[in-house]
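Here are my comments on the model you sent, set out as numbered points so that each can be checked against the coordinates in turn.

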Amino acid sequence: LTQEVSLAGRFVVLIPNSRTYGISKRLPDDVRKRLRSILDRVKPEQHGLIVRTAAEAATEHELQADMTRLLDQWAAIEAKAAKAGGPTLLYREPPLAVRVIREEFNSDYRGVIIDDHQLFEDVHSYVSAFNPELADRVEYFDPAVEGLPIFEKNHVHEQIHKALDRKVWLPSGGSLIIEHTEALTVIDVNTGRNVGTSNLEATVFANNLEAAEEVAHQLRLRDIGGIIVIDFIDMEIKENRRKVVDAFKSALSRDKTRTQVFDISELGLVEMTRKRIGEGLLTNFADQCPNCEGRGIQVNHDLLN
């Protein structure tokens, strides 16, 4: 519980009757400087404001519109509180689906498909009000008409099974092996079938670049948090090692969860941390094996007798 009320919008968070003022630290310095100059002009004097990471490319008009909507929302809450004669619900966050749309949905997405008609109406109304240019990307999926459940039609179950597999194939034939331990997560990069057509260093470098992009994707997809060690294939050329780390950091920049990456070692190891938000995909979909207690092996006790 907290006495500091906050109302979240698409680009900003309004903190009524507060002096809090800030901009997401995940944004680059030049973007933060631009947003600060906008906020100096539009920030309400009596309320606090925090600019979210989603505001990176937002215009002054978009920030002003988002803030105005939140101010109207707060005014409605105050008006309702003034009329209330006793304990009453003044405001509640929208349903989970609408919150996800608010946090994530932007022009990078081709569309949102919903198989519940009431939920479709709620989401479509929300997007029409606050992102009208994206409203036509919200689609209703009618299972009776399509003849298949929405997950089967879009192969979602198949993708979940792949996301739970310890082995991930890379486009060129290499692979990742993802292993979870009590203390950390280890990701091993292999060339596999990728033997290349040129010298070994070039093949390894290309494979590691592919792996850097895919590891960043898998961390987001599987929601892997905590300490993570990536074992890239050894590279002789120092410049190649630097380029792989730069490519990895660039791929991680699309991750909204806070990450910290350290330089690659002589052995090709990259240590990093990723803030643990949830339990992770594997924990949500799997139970520990009662026979081996999660070790992955069974001791042959006959040999010990």
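**Notes on the predicted model**

1. Strand E9, which covers residues 185-190, pairs with strand E10, residues 226-231, in the parallel sense, and the pairing runs over four bridges. Within this pair, Ile187 is placed opposite Ile230 of E10. Please keep in mind throughout that this is a predicted model.

2. As for the wider setting of that pair, six strands make up an open sheet, whose order is E7-E8-E9-E10-E12-E11 and whose pairing is mixed. In general, the strands of a sheet pair through backbone hydrogen bonds, in either a parallel or an antiparallel manner. The edges of this sheet are formed by strand E7 (167-169) and strand E11 (259-261), each of which pairs on one side only. From one strand to the next, the twist averages 20°.

3. Turning to the helices, helix H1 (residues 29-42) packs with helix H2 (residues 60-83) at an angle of about 50°, and their axes lie 10 Å apart. Because of that angle, H1 is oblique to H2, and the crossing of the two helices is right-handed. On the H1 side the contact is made by Leu35, Ile38, Arg41 and Val42, while H2 contributes Glu60, Leu63, Gln64 and Met67. By character, the residues of this contact divide into five nonpolar, one polar and two charged.

4. Is Asn208 buried or exposed? This residue is found in helix H8, which spans residues 200-222, and its relative accessibility is 0%, so Asn208 counts as buried. When its neighbours within four places in sequence are left aside, Asn208 is in contact with Val189, Phe232, Ile233, Met235 and Val244. One of these partners, Val189, falls within strand E9, residues 185-190.

5. A second asparagine deserves a comment of its own. Asn240 lies in helix H9, residues 238-252, and with a relative accessible area of 11% Asn240 is buried, because the cut-off for that class is under 20%. Its contacts, again leaving aside neighbours within four places in sequence, are with Glu201, Phe205 and Met235. Met235 is thus listed among the contacts of Asn208 and also among those of Asn240.

6. Finally, how many Å separate Asn240 and His301, C-alpha to C-alpha? The two residues are 61 residues apart in sequence, and in space the C-alpha to C-alpha distance is 48 Å.

Notes
Residues numbered from 1 in each chain as written. Predicted model: local features only at pLDDT ≥ 70, side-chain atom pairs only at ≥ 80, totals over all residues. Heavy atoms only, no water. Axes fitted to C-alpha atoms, helices over the stretch in contact; angles between N-to-C directions. Parallel < 35°, antiparallel > 145°, perpendicular 65-115°, else oblique. Left-handed = near helix turned anticlockwise from the far one by under 90°. Contact = heavy atoms within 4.5 Å. Nonpolar A, V, L, I, M, F, W, Y, C, P; charged D, E, K, R; others polar. Pairing = 2+ DSSP bridges. Buried < 20%, exposed > 50% of the residue type's maximum accessible area, 1.4 Å probe, protein only.
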